[in-house]
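Welcome! Here are some short exercises on aromatic rings, each with a worked solution.

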Amino acid sequence: MFHVKLHGQDAMARAADEKLVSRRVKLPKRIVEQPLSQVTKRLLMALFVLFLTVFIVWLDRDGYHDNANETVDLLDCFYYASVTLSTTGYGDIVPYSDSARLINILLITPLRVLFLIILVGTTLEVLTERTREEWRLKRWRKNLREHTVVVGFGTKGRSALQTLLATGLSKEQVVIVDPSTKVIDIANADGFTGVVGDATRSDVLLRAEVQKARQIVIATQRDDTAVLVTLTARQLNRGAKIVAAVREEENAPLLRQSGADAVITSASAAGRLLGLSVLSPSAGTVMEDLIHQGSGLDLIERPAKKSEVGKSVRDTEDLVVNVLRGHRLLAYDDPHASPIQLTDRLITIVRAAPRLLRR
């Protein structure tokens, strides 16, 4: 039986004020105007419609009749325009000439409709915002398939995601899970969909559609949290590739037993790279280059080509360092690694190809 060694503070259990009752999916927000700017613009439009109506009535004021004094002055024009555009219509000032009535039909009535649309536009937008968001969420759930779920958007999660994006993964195929609303807001600003909540809970992972995910990256900062997330994720998705990070090497077997396909020991890996750099700074630079996808040299896994079948691993165009045959990982100098078989997957070192930046 393994013992989980705890270390440090976890991004999955941050400040106490980060309440988990707000577990929800947050899609990347579209760029919209500031509320004050929208209100100011609509107010100016409403005033323009009002003054335009006053001007039209003033030009044809002789065609209007005031029950109080029979004449229509500028104040009466403002009064008539106000009560008409607001559809109040007390009937004390009325158009009686044919031209005034025609103008009311062709101009005043459309202006009244436009005025009302402007006034209620903000209210309608607020009422329809929820509907639009629900529609976007339903469409997102319907179209999401074979995506990548990243649990924890700290340093490790961001670095892992940068590597995946460098290999061609699109931001639309990534879902971030984190209990911090602020962190998810940052992820949204970067163009990622986020789920606010504790990933150790199955309902939170279901919101991230983890049952349809192709790969799951678990980058929490506490090893016990990583174990619980791995167990929950594996229960929900038997076929996904799960890669988890732990701080302490002694917890790695427990992560594998919990269902992780690969476990990275962050503290030990950093320590080994430091030690290698001390012994040979150049070798440390090469290793650093290999783990940074998209520049210099890249370490990739690919299927064997038909032209390589039957050849020795030393006769391939790329530098082969390992051969994955079934569940066996063979080193390049292993006698069983050659000849290459059609079902083999080769782990090679290649020159990184330049890629266009994704928006």
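## Rings that pair

Tyr64 and Tyr80 are both buried (buried means under 20% relative accessible area, exposed over 50%, partly exposed in between, with a 1.4 Å probe and protein chains only). The model is predicted, so local features need pLDDT of at least 70 and side-chain atom pairs count only at pLDDT 80 or more, while totals for chains, interfaces and linings use all residues. Residues are numbered from 1 along each chain as its sequence is written, and side-chain values use heavy atoms, with hydrogens and water left out.

**Exercise 1.** Find how the rings of Phe153 and Phe192 are arranged.

*Solution.* Start with the rule: rings of Phe, Tyr and Trp (its six-membered ring) pair if their centres lie within 6.5 Å; planes under 30 degrees apart count as stacked, over 60 as edge-to-face and the rest as tilted. Next, take the values: the centres of Phe153 and Phe192 are 6.2 Å apart and the planes stand at 70°, so this pair is edge-to-face. Finally, check burial: Phe153 has a relative accessible area of 4% and is buried, and Phe192 counts as buried at 4% relative accessibility.

**Exercise 2.** Which ring does the charged end of Lys171 sit over?

*Solution.* First, the test: a charge sits over a ring if NZ of Lys or CZ of Arg is within 6 Å of the ring centre and within 35 degrees of the ring normal. Then the result: Lys171 has its charged end over the ring of Phe192, 5.4 Å from the centre. For another case, look at Arg61, which lies over the face of Trp58 at 3.8 Å from the ring centre.
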